[in-house]
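Visitor: Please show me the structure, and let me ask how each of its labels is justified.

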2 protein chains.
Amino acid sequence: MEDTYGNLISSLAIANDKRIALLVMDGLGDCDNDGAGTALQQARTPNLDALAASGALGLIVPVATGVTPGSGPGHLSLFGYDPLVYQVGRGVLSALGVEFPLESRDVAARLNFCTLDKAGNITDRRAGRIPDSENRRILVKLKARLSPPQGVEVFLVTEAEHRAVLVLRGQDLDDNIGDTDPQQTGVPPLLAAREPHSNSRTADTVDELLHQAQGILADEPRANMLLARGFAKHPDWPAFADRFKLKPVAVAGYPMYRGVARLIGIPVFAAPTTAAEVCCKAAEALADHTFVFAHFKYTDKAGEDGDLAGKIKRIEEMDAALPGLLKAAPDVLIITGDHSTPPSIKAHSWHSVPVLMKAPFLRGGDGRHFDEVTCRSGQIGTIPAKELLPLAMAHAGKLEKFGA
Amino acid sequence: MEDTYGNLISSLAIANDKRIALLVMDGLGDCDNDGAGTALQQARTPNLDALAASGALGLIVPVATGVTPGSGPGHLSLFGYDPLVYQVGRGVLSALGVEFPLESRDVAARLNFCTLDKAGNITDRRAGRIPDSENRRILVKLKARLSPPQGVEVFLVTEAEHRAVLVLRGQDLDDNIGDTDPQQTGVPPLLAAREPHSNSRTADTVDELLHQAQGILADEPRANMLLARGFAKHPDWPAFADRFKLKPVAVAGYPMYRGVARLIGIPVFAAPTTAAEVCCKAAEALADHTFVFAHFKYTDKAGEDGDLAGKIKRIEEMDAALPGLLKAAPDVLIITGDHSTPPSIKAHSWHSVPVLMKAPFLRGGDGRHFDEVTCRSGQIGTIPAKELLPLAMAHAGKLEKFGA
């Protein structure tokens, strides 16, 4: 599979000094909350509304109709990378999430502590959701006693509760490694080196290490074994700066989003979390970059918590903070989300995501309020999210003509 | 890459006597000119408005979101050819633009006269933009003195200023030939036969001819060398008539558009330029053809000149001329553009293009005025331009059912 559209855009991209700001309000989209309206519809947003009146509105589809995106694909499509072509293994995303400085020779996997019975069968795939402190204590013990084969370094990092990240570092490691998590209880963990992975020396190493771990953890009451899945190497993808001839930087308070940016070589400028700080740092970053990705997490958090009032409040916070970003006068400003997180679902959803774009050379008449319904009849239309950055580049004069 | 959609339509196409007219107002689309509205929004167009009230409206995307099309891709997509699949080299488009009768064995390239200094480095890639007359004089001199290898004919045709077209004709010519234009000054011209083109005998011939040209032009003060680029053969594409089971003809006053039509085997009926003549000739052509492509250039010209008032006037001219076409009562009439040319940009742009279709079996209620904003909510929706002709064919009963 090829990213035909992205490659076309890359072939047309030219550098100039126009500056594009992409403000992502995580999980921005919503459904209508039993007729009360979406969070955006209910929010009082005078600054967003002023932008809507003079800007362009539309809806973006992060991956495909009906498909709920994870944070990785949700952001990659906003960065102009087809999320079906640029798929990244769970292990790498987990490593990015704990901000592990992954190298190209590393292999990463997601670990779960689990509970085995005396026969060696899994009784709890999450080891009773042990607290973070217990997770950390056990990882210290493991690191002290594991003896990896020569030339292989082992890194173990706590994520939260029963979750951790495994990174193997060494020359010639491969990621042709099976998940050892059978995704069910009552059976033993799987071998990493089983078919079709049995030719992998790294899978043998994983099995050896997990065997050692089982011995080391034998006296633990709950977390007496590890399950591993999503073995993956850092992908070798075209760097964002080369692909789109932009000088990019990220402003993001959460490790996962900094990590996704770093995946495509976008360096981190600052790590603020509040709406006011995000806008302020993004404005600073615009002084010396032609693409600034600014990430605001709390809209998604409120959605995940099922907190509609909280989501409305977070949107209003960002609206109030916007002048701090607008004063830097980006040539093109995109305000959108990486996916929808409706409070009524308490999770990411498949719904399209509203987008607002301020840019030169627009057509008028899109609407007076920024929400899912006004966006439906906006001039951007409903487009794949991966087409949004190229559209912004067109408005910024950063794409050459196709054909004579 | 395959034109999956176009091939599907081709497999469903059947001939009948219904007649489709495609009226292209070149560069029709616009942006909102700082709130004053697009040219179409400002134009008084009673005939177009009457058609809008009873017809179907929509927007077409010539190539892809954010991509500004050249005239070639802009028209190919209107003819139902995926412009990303059917890409034609610059040399062929240049030859079509001067109406050179290109044959399938020919190789064409775009030439620039340039100025070399005594060391052989380029000092001006456009030879001071010499006047057309000087261009013609020098080409006569070159033609008289060049001695091509046996079996190869050389054609040289003035385009304008420093621009000309080179065509080589002979058996077994290939187009694996590098550009000799280095796209910069201070360096010598490149070899046509350099890597990865060094296996090409035709590239060797090009280098030999350009070497001769340098000798012949040595005494010219400005145009003392030629740079060549975009070597290409006439593409071997399916003919429009076979692909869509239509009997087609073109009505177009400008060589480039007649040329693009001829690329897919559409013959030329007449070459008028004014709106009244275009409509009149298109009406005549409908008497004996099932597809008439009629081209009106001046909307684009006004856009390229940054002349908003002029663009409005050209639209109104075409509106006034429309009854001359309507009297031939085409079964399906499409009125659209090949791309947008906003006067505020003075060039082709990436914006979608408004389309109006009069046809049987429509749904009602699209709008009272033909412009970019009413088209946004029309029944055609926003579709790739390559889907427009198939839609017209459906309304004309020219497509069989898919599947039982």
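Guide: What follows is a walk through the contact between two chains, then the sheets, and then some local features.

Guide: This is a predicted model, in which local features need pLDDT of at least 70 and side-chain atom pairs count only at pLDDT 80 or more, while totals for chains, interfaces and linings use all residues. Residues are numbered from 1 along each chain as its sequence is written, chains are lettered from A and ligands numbered from 1 in the order in which they are written, and side-chain values use heavy atoms, with hydrogens and water left out.

Visitor: How do you know how many residues of chain A and chain B take part in the contact?

Guide: A contact means heavy atoms within 4.5 Å, and by that rule 25 residues come from chain A and 32 residues from chain B. The buried area, which is the accessible area (1.4 Å probe) that two parts lose on being put together, summed over both, is about 2,100 Å² for chain A and chain B, with 63% of it on carbon and sulfur atoms. In chain A, the residues that lose the most area to chain B are R363(A), F402(A) and A404(A), which together account for 40% of what that side buries.

Visitor: What makes the pair D366(A) and R376(B) a salt bridge?

Guide: The term asks for a side-chain nitrogen of Lys or Arg within 4 Å of a carboxyl oxygen of Asp or Glu. The side chains of D366(A) and R376(B) meet at 2.7 Å, N to O, so the pair fits the rule. Between chain A and chain B the count is 1 salt bridge, whereas a search of the whole structure finds 45 over all chains.

Visitor: What makes K386(A) and D82(A) a salt bridge, and where do the two residues lie?

Guide: Their side chains meet at 3.1 Å, N to O, so this pair too satisfies the cut-off. The pair links distant parts of the chain, with K386(A) in the loop between β13 (381–384) and α14 of chain A, and D82(A) in the loop between α4 (71–78) and α5 (90–97) of chain A, 304 residues apart.

Visitor: How many residue pairs are in polar contact across the interface of chain A and chain B?

Guide: A polar contact is a pair of N or O atoms within 3.5 Å, where within protein one must be able to donate a hydrogen and the other to accept it, and residues adjacent in sequence count only if both atoms are side-chain atoms. Across the interface of chain A and chain B, that rule finds 13 residue pairs, both residues at pLDDT 80 or more. The elements that give two or more residues to the side of chain A that touches chain B are α1 (4–12) and α14 (388–395) of chain A, and α1(A) provides the largest share, 5 residues.

Visitor: What makes β9 and β13 of chain B edge strands of the sheet?

Guide: Helices (H or I, at least four residues) and strands (E, at least two) are DSSP runs, numbered from the N terminus, and two strands pair if DSSP finds at least two bridges between them. In chain B an open sheet of 8 strands, with mixed pairing, has the order β9-β8-β10-β1-β11-β12-β2-β13. There β9 (268–270) and β13 (381–384) of chain B each have a single partner strand, so one side of each is left without a neighbour in the sheet.

Visitor: How do you know that β8 and β10 of chain B pair?

Guide: Strand β8 (residues 248–252) and strand β10 (residues 291–296) of chain B share 5 bridges in the parallel sense, so the requirement of at least two is met. One example is V251(B), whose bridge partner in β10(B) is A294(B). Helix α12 (residues 308–326) of chain B packs on the sheet, touching β1 (20–25), β10 and β11 of chain B, and its direction makes about 165 degrees with that of β1(B); axes are lines fitted to C-alpha atoms, for helices over the stretch in contact, and angles run from 0 to 180 degrees between N-to-C directions.

Visitor: What makes β5(B) and β6(B) a pair, and what lies between them?

Guide: Strand β5 (residues 153–160) of chain B and β6(B) run antiparallel over 7 bridges, so they too pass the pairing rule. They form a hairpin with 2 residues between them, and E161(B) in the turn has a positive phi of about 45 degrees.

Visitor: What is omega for the cis peptide bond that joins E195(A) and P196(A)?

Guide: For that bond omega is about 0 degrees, and P196(A) is placed in the loop between β6 (163–169) and α7 (201–216) of chain A. In chain B, a cis peptide bond joins E195(B) and P196(B), with omega about 0 degrees.
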